[in-house]
Amino acid sequence: MNSWILLALAILLEVAGTTSMKLSDGMQKIFPTVMIFVFYAMAFVLMPFVMKKIEMSTVYAIWTGAGTVMVTVIGIAYFSESSNPVKLASIAMIGLGVVGLHFAERSSQGGLG
């Protein structure tokens, strides 16, 4: 399977794990608490396969950047977390950095996109 698809799946699983942390209410709710470990375990299982084809520094930067953007959007949209122009601009810059890293990695492998 394509390493970029596996990376995207790992990021989604990590975001699901982080969201489960919020839903667990301090680990008081059993189902979200269990899902924290399930989602993170699945995400971490995928990462070594991703790193076979994509440089570790790129993988980790994209993993954390994309995860940060997604968790911030979920926090604002579903958990009524605060937002302001500086926060939104900062998240947008992180998103642009993730896209830039993707294209930088692809171009170093001999293909764009």
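A crossing of two helices is right-handed if the near helix is turned clockwise from the far one by less than a right angle, and left-handed if anticlockwise. The exercises below use a predicted model.

**Exercise 1. Describe how helices α1 and α3 pack: which angle, which orientation and which hand?**

Step 1. Helix α1 covers residues 3–23, and helix α3 covers residues 56–78. Their axes lie 9 Å apart and form an angle of about 45 degrees.

Step 2. Angles under 35 degrees count as roughly parallel and those from 65 to 115 as roughly perpendicular. The angle of about 45 degrees falls in neither range, so α1 and α3 are oblique to each other.

Step 3. By the definition at the start, the crossing of α1 and α3 is right-handed.

Step 4. On the α1 side the contact is made by W4, L7, A10, I11, L12, E14, V15, T18 and T19. On the α3 side it is made by T58, V59, I62, W63, A66, G67, M70, V71 and I74.

Step 5. Sorted by class, this contact of α1 with α3 has 13 nonpolar, 4 polar and 1 charged residues.

**Exercise 2. Find the aromatic pairs and classify each as stacked, tilted or edge-to-face.**

Step 1. Ring centres must lie within 6.5 Å to pair. By this rule there are 2 aromatic pairs.

Step 2. In the pair of Y40 and F44, the centres are 6.3 Å apart and the planes differ by 25 degrees. Planes under 30 degrees apart count as stacked, so Y40 and F44 are a stacked pair.

Step 3. Y40 and F44 both belong to helix α2 (residues 30–51). They are about one helical turn apart because 4 residues separate them in sequence.

Step 4. For F44 and W63 the centres are 5.8 Å apart and the planes stand at 45 degrees, so this pair is tilted.

Step 5. F44 lies in α2 and W63 in α3, so this pair ties together parts that are 19 residues apart in sequence.

Step 6. Taken together, Y40, F44 and W63 form one aromatic cluster.

**Exercise 3. Decide whether Y40, W63 and S3 are buried or exposed.**

Step 1. The cut-off for buried is under 20% relative accessible area.

Step 2. Y40 has 18% relative accessibility, so Y40 counts as buried.

Step 3. W63, with a relative accessible area of 7%, is buried.

Step 4. S3, found in helix α1, has a relative accessible area of 9% and is therefore buried.

Step 5. Leaving out residues up to four places away in sequence, S3 touches F49, V50, K53 and I54.

Notes
Residues numbered from 1 in each chain as written. Predicted model: local features only at pLDDT ≥ 70, side-chain atom pairs only at ≥ 80, totals over all residues. Heavy atoms only, no water. Phe/Tyr/Trp six-rings, centres within 6.5 Å; stacked < 30°, edge-to-face > 60°. Helix = DSSP H or I, 4+ residues; strand = E, 2+ residues; numbered from the N terminus. Buried < 20%, exposed > 50% of the residue type's maximum accessible area, 1.4 Å probe, protein only. Axes fitted to C-alpha atoms, helices over the stretch in contact; angles between N-to-C directions. Parallel < 35°, antiparallel > 145°, perpendicular 65-115°, else oblique. Contact = heavy atoms within 4.5 Å. Nonpolar A, V, L, I, M, F, W, Y, C, P; charged D, E, K, R; others polar.
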